[in-house]
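Okay everyone, thanks for coming. I'd like to walk you through one model today, starting with the ligand and then moving on to some strands.

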Amino acid sequence: MMRRTRHPSSQGRPSAPVRLYGRRVVLRPLAPSDFAAWSEVRRRNEDWLLPWEPQRHPGHADPARDRSAFAARCTARDRDRNAAASYAFGMFVGERGERLAGEVNLNNIVRGAMQAGTIGYWIDRELAGQGYTAEAVAVVTRFAFEQLHLHRLEVCIVPRNDNSRRVMDKLAFRCEGLAERFLEIAGVWEDHLRYAITLEEWNARRTELVRAWMHAPEPADDG
Ligand SMILES: CC(C)(COP(=O)(O)OP(=O)(O)OC[C@H]1O[C@@H](n2cnc3c(N)ncnc32)[C@H](O)[C@@H]1OP(=O)(O)O)[C@@H](O)C(=O)NCCC(=O)NCCS
């Protein structure tokens, strides 16, 4: 049966910096004042992170080492957020959300008939293994479906990245299969497993996911 859907492209595009909360993580856009913390975490984790990221262009300043390059990165992300093209968040943990743990980003937002976005993430190795990333992805998923009114989210993972696949297992995102030579990672066109969740799945699983990863369960909006 064909299902009609609202076309939400004109709805819900928060342009002000957004702050989102899970049970333990706080997500907010990074600002130039985060340079010292971001630089320290990124530099300490290079061996842990760089094998899973696109190669940095040799002609570009490294934002982990160059304060103005980091500020420019923040500005570019502010611009993308204001254009509703992507939403990048620093992931913070600790009693008062004071420790920068990593990042979770909602990128490549496409409207029109697709209404989709791609989630990417990383975490400080010192804080790995505590389920923080799954929590942050759950929070961004709720934001994407309930505030941005997207219809589909995806996460793309190199098959040998077992740690990242565990995040998808924990959230039970659906694996749609392998896209060959899909993204450039550390200089190589790598195959990626494409994991997805659609709005219909979110609506069916909302109570379970909110209860597992966010504060208190909230009543589902049946309207
Ligand atoms: C993928 C990643 C974000 C997962 O974050 P996380 O918050 O540690 O996720 P989880 O707590 O759910 O742990 C996932 C798995 O990592 C493994 N793991 C946990 N701590 C670890 C550590 N210190 N060192 C190595 N592996 C570890 C465990 O197998 C764990 O699964 P388990 O909980 O069933 O034991 C993190 O491993 C990371 O930043 N990796 C490098 C960058 C990257 O791969 N980004 C994603 C690209 S798609």
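**Around the ligand**

So, the ligand has 21 residues around it, and the ones that come nearest are Trp52, Ala128, Gly129, Thr133 and Asn163. As for which elements give two or more residues to that shell, we have α2, at 46-49, then β5, α4 at 132-146, and α5 at 162-171. Keep in mind that this is a predicted model.

Which element provides the largest share of the shell? That's α5, with 5 residues. If you care about chemistry, and I know you do, the shell splits into 11 nonpolar residues, 7 polar and 3 charged.

**Following the strands**

Now, β5 came up as one of the shell elements, so let's look at what sits beside that strand. β5 covers residues 116-123 and runs antiparallel to β4, with 7 bridges joining the two. If you want a spot to click on, find Glu103, which stands opposite Trp122 in β5. β4 and β5 make a hairpin with 5 residues between them, and in that turn Gly112 has a positive phi of about 55 degrees.

On to the other partner of β4. Here β3, residues 87-93, is joined to β4, residues 99-110, by 7 bridges, and again the strands run antiparallel. One pair to look up is Phe92, whose bridge partner in β4 is Leu100. What sort of arrangement do β3 and β4 form? A hairpin, with 5 residues between the strands, and the turn has Gly94 with a positive phi of about 110 degrees.

Okay, that's my tour. Over to you.

Terms used: Residues numbered from 1 in each chain as written. Predicted model: local features only at pLDDT ≥ 70, side-chain atom pairs only at ≥ 80, totals over all residues. Pairing = 2+ DSSP bridges. Helix = DSSP H or I, 4+ residues; strand = E, 2+ residues; numbered from the N terminus. Near = placed C-beta within 6 Å. Nonpolar A, V, L, I, M, F, W, Y, C, P; charged D, E, K, R; others polar.
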